[in-house]
Amino acid sequence: MGIRRVVLLGLWVLLEIVCLFDNVVVEGGRVYHHKKGQKKGGGRQRGFASGSLPRRVQGPTVPSDPYPFPGEPVGADPGSQGPCIFDVTDYGAVGDGENDDTDAFVAAWKDACSVKSGVVLAPAGRVFLITSTTFAGPCKPGLVFQVDGVLAAPGGPKCWPKADSKRQWLVFYRLNGMTLKGTGVIEGNGEEWWELPCKPHRGPNGSSLPGPCDSPALIRFFMSSNVKVSGLRIQNSPQFHIKFDGCQGVIIEKLSISSPQNSPNTDGIHIQDTTAIGIYNSMIANGDDCISIGPGCRDVEIDGVTCDHSHGISIGSLGVQNSQACVSNITVRNALIRNSENGLRIKTWQGGSGSVSDISFDNIQMDNTSNCIIIDQYYCLTKACRNQTSAVYLSGVSYSNIKGTYNVKTPPIHFACSDSVPCTNITMSEVELLPALGERVDDPFCWNAYGALQTLTIPPIDCLQDGAPESLSREAAYSSCS
């Protein structure tokens, strides 16, 4: 009997050990503890039509935190052991596209922000509905927001909570060294926003009615540095798809951005007051500027981008309401622009000041695009803009190896420079633009534009004045940025 009791006691101890470690899983070199049978709470029925939401509830304090290594206190920084993953479903996110999962994302962000190499994970196979939210720093280094499922905005103005900002949806604020990436989709559900009667041509008989017209930008990075965005599909934004404001050191690569051709104000990527930014190997098809570069931008590189049914790659608009705008050192190369209303565009308002300088467009292919090359210093959204003497000063704009076909409804090249502040140092080399239909080649248009033709061009640009003006006006000197 003594031997039998010892054997039974040994089997019982072994069974307890197996049960103890049954729920411990090793992932990516880190040990995580997953609680089986945990009730998924915290989701809320959307119920947004009334414009109000139930009171937000606080998520669990430490859901599925990484299991500590021997001798490591709970909550310790894992250091070199690998990323620390905070799955939003462990914080109560339902991911059914109906319940509001905002609280779960906020809670996961808070915990990930507090550790080195934290990862907020929105896993694949689910649709997470979240309302307008700001994800703020500062955070520990190496923070990643990884979207492998679908992040969806509320479906239109009627579903937008009244207490939330209607100018932005997801905001990343005061972050350094953060990455937004994944294999998933960020869905803007912008269809009802595009049809507001205040939008261009959406009112009666194609008019635009007055009234409040705020529509949210889908993603905004504000006052952040050393940011990377890669791999995502971003689509159907109510307004701008992704914008960077007051940022420094940004890498954007391998994005797919899409919305219908008739979706108004849906710029693909917009930057302003942002320096040292690279945009690489991305596909953008939308209803406004493919990429728009606003005031305060310098040291921008765009390489390997395709723009489809858009308004092209634009610098501007600049100088609105007599403001100063300074833009410099912009390089665009190896791009394809097709079926678009504009190709390479610089647009400024009369009455502005500042300068645009050191701009290079190189190896750009046009395919059935209107206004392939355009400088417009008379930009105006109505017919009520009056002539003014001051203007943003344009100098040092280079067009090299720009080839392809243009839509014959407009001339392929259009240089409309200010009456009082001429454009200077425009250089053209290997420019060959032919009509997409027919054989007629339209003559370029130039006004007060100076520069040099380094090779013969198609069509011939006889209107570009050789050299430089005899003297720049007082307005040009005033306009330049120091």
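Buried means under 20% relative accessible area, exposed means over 50%, and partly exposed is in between, with a 1.4 Å probe and protein chains only. Keep that handy for the tour. The model is predicted, so local features need pLDDT of at least 70 and side-chain atom pairs count only at pLDDT 80 or more, while totals for chains, interfaces and linings use all residues. Residues are numbered from 1 along each chain as its sequence is written, and side-chain values use heavy atoms, with hydrogens and water left out.

**Stop 1: Thr-179**

Select Thr-179. At 17% relative accessibility, Thr-179 counts as buried. Its home is strand S12, residues 179–181; strands here are DSSP runs of E, at least two residues, numbered from the N terminus. Now show what Thr-179 touches: leaving out residues up to four places away in sequence, you get Leu-143, Val-144, Phe-145 and Lys-228. Touching, or contact, means heavy atoms within 4.5 Å.

**Stop 2: a cavity**

Keep Leu-143 on screen and add Cys-139, Lys-140, Leu-175, Asn-176 and Met-178: together these line the largest cavity. On a 1 Å grid over the protein atoms alone, a cavity is a set of points where a 1.4 Å probe fits but cannot get out; a pocket is an open set with protein on both sides within 12 Å along at least five of seven lines; and lining residues have an atom within 4 Å of a point. How many cavities of 30 Å³ or more does a search of the whole structure find? One. About 30 Å³ of space lies in the largest cavity, where a volume is the space filled by probe spheres set on the points, and points are joined across faces, edges and corners.

**Stop 3: the largest pocket**

Next, go to the largest pocket, with a volume of about 1,600 Å³. It has 49 lining residues, and to find its centre, select Asn-265, Asp-288, Lys-347, Tyr-379 and Leu-381, the closest to it. Then colour strands S14 (217–222), S20 (269–272), S26, S28 (344–348) and S30 (373–376), since each supplies at least two residues of the lining.

**Stop 4: two cis bonds**

Stay with S26, which covers residues 313–318 and holds Ser-317. Zoom in on the peptide bond between Gly-316 and Ser-317: that bond is cis, with omega about 15 degrees. Most peptide bonds are trans. For another cis bond, jump to Ile-458 and Pro-459, where omega is near -5 degrees. Pro-459 sits in the loop between strand S35 (449–453) and strand S36 (465–466).

**Stop 5: the strands around that loop**

Show S35 and S36 together: they run parallel, joined by two bridges. Two strands pair if DSSP finds at least two bridges between them. Pick Gly-451 and you'll find its bridge partner in S36, Asp-466. Now add strand S33, residues 423–435, which pairs with S35 in the parallel sense over four bridges. Here Thr-427 stands opposite Ala-452 in S35.

**Stop 6: two positive phi angles**

Which way does phi usually go? Most residues other than glycine have a negative phi. Select Ala-276 in strand S21, residues 275–280: its phi is positive, about 55 degrees, although it is not a glycine. Ala-276 is partly exposed, at 36% relative accessibility. Finish at Asn-334, in strand S27, residues 324–338. Asn-334 also has a positive phi of about 55 degrees, and with a relative accessible area of 34% it is partly exposed.
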